[in-house]
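The exercises below are to be worked with the sequence and the structure open. Each task is followed by a solution in steps.

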Amino acid sequence: MTSRWGICLLTAAAVLWCRPAAAQEAPVDYTGHKMVNVTLPTEAELDRMLAITEKFATCRLHLGTVPFIVSPAEFAQLEASGLEYTVLHDNVQELIDAERAENEQGQRDDSWFTAYKSYVQVNTRLDELVALRPDLCSKFTVGSSIEGRTVYGLRITGPGDSSGRAGLMFDGCQHAREWIAVMVPMYIADRMIETYDTDSAVAALLDEAVVYVVPIANPDGYEYSRTTDRYWRKNRRNNGGGIYGVDLNRNWGQGWGGAGSSGNPSDETYRGTAPFSEPETQILRNFAIAHPEIVAHIDFHSYSQLILYPYGYDYILPPEPDLSRFVDLSADMADAILATHGEVYIDQPSYDLYLAAGDMPDWMYGNQGIFAWTIELRPDSAFPGFELPASEILPTAEESFAAVMSMSQQMVIKLLITYPAGHPSQVPAEQPTAFQVSIQEVNAQLQAGSEKLFVSVDGGAFVETALTALGGTLYQATLPATPCGGVLDYYVEAQTTQGAYVRSPSEAPASTWSATASEITLAADDTMETATAWTVGATGDNATTGIWNRMDPQATAAQPEDDHTPAPGVNCWVTDGRAGTSIGTYDVDGGRTSLTSPAYNLSAMTDPYVSYWRWFSNNQGSAPNEDVFRVQITDGATWVTAETVGPASAESGGGWFYHEFRVRDFVALSGSVQLRFIAEDAGGGSIVEAAVDDLQIRDFGCPEPEPCPGDLNGDGVRDLADLSALLSNYGSPAGMTYEDGDMDGDGDVDLADLSAILEVYGLACP
Ligand code: 0X9
Ligand code: ZN
């Protein structure tokens with residue numbers, strides 16, 4: 001998929017932004033410099049462009065479209081070069097001036113978040129916040145920058161004994177020119193302090209957690225960007241020879257010196273002479289070590305709208321269960337952002353952006369076990385890039401705050417209650433249903449014996465039962481046998497050794513999980529052992545190898561040895577089940593391969609669910625975690641995607657996993673519903689294998705209730721209304737219906753019918 005070749009300024013020899021510091025430096029004048037987007041399809045074009053200038057306006061040097069800032073002379077060369085480009089802006093200095101003007105206007109507004117603020121203004125605001133709520137926050141010193149500026153932070157927590165509370169850390173502006181990354185941590189501090197009294201979610205969080213906010217990790221660089229060179233990135237280390245600056249986000253210890261960092265002091269990604277050679281990284285490292293209560297951290301940057309989790313120094317993912325947690329929390333943060341102002345942030349491993357060794361979250365996670373992210377804020381594209389309009393400070397901060405709240409709430413919970421195979425939403429009528437519950441100790445210890453299930457049937461009182469320990473973090477919960485159509489509301493509760501209650505869902509009993517009891521009909525049950533009417537291939541398929549076939553798979557490092565059906569089952573559908581001479585021989589290459597199911601007639605069903613076991617592996621090869629496996633469904637009209645696995649997830653590294661979905665959530669219940677499984681290799685260098693087995697369609701419904709004899713008008717009681725209906729037709733010789741009083745169905749209303757109704761008269765319907 002995306003090229004992994006491009007790494008931030010790895011090869012750049014001389015970078016114009018790294019200019020010598022003069023005694024009194026005049027601001028860098030960008031008059032007449034243009035911002036251009038240059039199309040660089042191959043390395044040849046990229047080399048030609050880099051020969052003109054190395055000054056790209058992003059830290060993502062890659063193939064494709066790349067923004068550059070070019071002087072008038074460089075622009076002339078670009079025009080002559082035959083390279084394809086578009087001009088994003090004619091005069092970069094105008095951008096900078098406009099930004100300054102907007103900012104000056106914003107400085108006069110009442111709100112603090114209408115303009116970018118200086119180092120001094122930020123520190124003043126920290127003092128104001130402390131003055132406002134000394135009961136909630138205090139200012140602390142992290143240490144000193146290389147030019148002697150103090151790096152300050154704010155400690156925020158609810159009143160009372162804060163020992164034992166989980167720590168959360170948010171910092172910004174390791175990179176000087178990323179001004180929005182100062183404002184977002186300031187907004188986090190501001191909201192937590194200003195809304196503690198009015199927002200119960202903020203209060204609940206601060207009563208359990210201590211929040212540390214460090215808005216300006218690189219104060220020297222920040223001030224230099226504000227006063228002298230708008231595009232300054234690094235700190236202000238004097239490297240000698242008139243060359244300044246170390247990229248702080250390449251100076252951390254995890255994988256220091258590796259890919260995506262430069263040993264050349266002139267480069268934008270200069271890593272420094274040693275891990276933690278810089279005071280700014282030393283003091284933040286020391287702070288993190290001195291605060292072992294910190295469980296989560298976000299390092300804010302701009303721009304690109306990304307949520308990145310470790311690692312970024314190599315193609316390595318965290319081990320389970322951390323990976324699943326990173327994947328879930330990152331997706332939740334993206335959802336929270338989307339829900340605020342509709343902005344799309346992509347969540348992915350850091351290395352998917354590019355390899356960059358020595359970044360802060362890698363060290364936080366790799367060395368301290370802290371769940372740590374890089375968030376690249378607005379905008380999502382090169383223009384306006386670092387010059388995000390001041391009018392976007394507030395919306396950017398608001399959506400970031402939503403993400404922070406979502407992640408923080410989940411991180412400070414004491415016990416993590418999850419359901420390895422899901423929590424039931426449909427259960428068979430008239431029989432107990434067992435399901436698994438996992439209770440993990442996150443920030444507290446579990447009180448043994450406190451694990452309980454609370455169930456309410458049809459809105460009745462909650463009844464508690466103990467969970468049965470299955471070993472490790474696993475427990476079994478059992479929902480009681482319930483008549484068809486009955487609704488079970490339920491939640492799980494456990495206690496910490498400190499006596500705190502943890503419930504799932506967390507707001508229980510105000511909100512609960514819910515399941516409906518019904519009779520289950522197995523409408524399709526395909527073990528793939530024998531041939532049924534599946535078809536291989538669909539319009540647009542272009543894979544050259546790894547085409548679906550049905551066979552007993554041969555093991556590779558990416559493909560199963562066994563199908564999923566218990567013995568004697570051996571077969572499944574698989575993307576070419578042959579092993580070949582190496583892992584890459586029969587994996588999916590060159591594009592897409594599709595497998596389509598027979599048509600199922602679901603038109604008479606009530607509420608069918610499709611379930612299957614699937615295998616997907618794309619985490620091997622030189623470009624791992626780039627591809628996805630899709631499951632689609634159609635009612636005969638359009639195909640809709642019902643599930644996407646990958647690119648990086650706990651279930652995309654091989655292994656059989658169960659999945660089910662409700663047909664009604666995607667398509668209508670037609671007479672020809674079909675499923676399609678699509679495996680795709682969208683780029684070179686990845687190993688893609690997929691398999692499917694044991695597909696079932698189960699329908700959930702309840703039989704029509706038995707009629708209540710004698711309740712002619714169907715109102716639930718057998719009363720005078722029914723009797724008088726019968727009497728008014730008494731003696732009618734033919735053409736009578738049940739509602740007319742023909743109780744025995746012989747067409748007339750006679751004495752037999754009258755005595756039948758009198759037998760039940762006055763009795764309540766069952
Ligand atoms: O390159 C960086 O440090 C970050 N991007 S920025 O444009 N703000 O400079 C991204 C860091 C993500 N981490 C890794 N890819 N390792
Ligand atoms: Zn950055």
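**Exercise 1. Overall description**

Task: State how many helices and strands the protein has, and describe its dimensions, burial and charges.

Solution. The model is predicted. The protein has 13 helices and 33 strands. Next, take the dimensions: the C-alpha atoms fill a box of roughly 115 × 65 × 50 Å along the principal axes. Of the 766 residues, 53% are buried. The accessible surface comes to about 30000 Å², and carbon and sulfur atoms account for 52% of it. For contacts between residues at least 6 apart in sequence, 75% join residues at least 24 apart. Finally, the charges: there are 41 positive and 106 negative ones, and their mean positions lie 13 Å apart.

**Exercise 2. A helix and its surroundings**

Task: Decide whether helix α7 is largely enclosed or not, and find which elements its buried residues pack against.

Solution. Helix α7 spans residues 219–227. Count the buried residues: eight of the nine are buried, so α7 is largely enclosed by the rest of the structure. The buried residues are P219, D220, G221, Y222, E223, Y224, S225 and R226. They pack against four helices and a strand, namely α3 (92–107), α4 (119–132), α5 (180–194), α8 (279–290) and β5 (150–156).

**Exercise 3. A buried acid**

Task: Locate E689 and establish what its side chain contacts.

Solution. E689 is in strand β33, residues 686–701. Look for a charge partner: E689 is buried and has no salt bridge, and the nearest side chain of opposite charge, R578, is 9.9 Å away. Then look for polar contacts: the side chain of E689 makes one with the side chain of T575, at 2.9 Å. Leaving out residues up to four places away in sequence, E689 also touches D576, W615 and F616, among others.

D576 lies in the loop between β26 and β27 (592–596). Its relative accessible area is 7%, under the 20% cut-off, so D576 is buried. Its phi is near 55 degrees, a positive value in a residue other than glycine.

**Exercise 4. A histidine and an aspartate**

Task: Classify H564 and D694 as buried or partly exposed, and state what joins their side chains.

Solution. H564 is in the loop between β25 (548–551) and β26 (572–575). Its relative accessibility is 23%, so H564 counts as partly exposed. D694, in strand β33, has a relative accessible area of 12% and is buried. A polar contact of 2.8 Å joins the two side chains. Apart from residues up to four places away in sequence, H564 touches W613, W656, D693 and D694. As a check on distance, H564 and R100 are 464 residues apart in sequence and 63 Å apart in space, C-alpha to C-alpha.

**Exercise 5. Backbone geometry**

Task: Where are the cis peptide bonds that involve Y303 and P505, and what is the phi of D694?

Solution. Start from the usual case: most residues other than glycine have a negative phi, and most peptide bonds are trans. The bond from S302 to Y303 is cis, with omega near 5 degrees. Y303 is in the loop between β10 (294–302) and β11 (306–309). A cis bond also joins S504 and P505, with omega about 0 degrees. P505 is in the loop between β22 (501–504) and β23 (513–526). Lastly, the phi of D694 is near 50 degrees, a positive value in a residue other than glycine.

Key. Residues are numbered from 1 along each chain as its sequence is written. Chains are lettered from A and ligands numbered from 1 in the order in which they are written. This is a predicted model: local features need pLDDT of at least 70, side-chain atom pairs count only at pLDDT 80 or more; totals for chains, interfaces and linings use all residues. Side-chain values use heavy atoms; hydrogens and water are left out. Helices (H or I, at least four residues) and strands (E, at least two) are DSSP runs, numbered from the N terminus. Buried means under 20% relative accessible area, exposed over 50%, partly exposed in between (1.4 Å probe, protein chains only). Contact means heavy atoms within 4.5 Å. Accessible areas come from the Shrake-Rupley method with a 1.4 Å probe; for residues, only the protein chains shown count as cover. Lys and Arg count as positive and Asp and Glu as negative; His and the chain ends are not counted. The place of a charge is taken as NZ of Lys, CZ of Arg, CG of Asp or CD of Glu. A salt bridge is a side-chain nitrogen of Lys or Arg within 4 Å of a carboxyl oxygen of Asp or Glu. A polar contact is a pair of N or O atoms within 3.5 Å; within protein, one must be able to donate a hydrogen and the other to accept it, and residues adjacent in sequence count only if both atoms are side-chain atoms.
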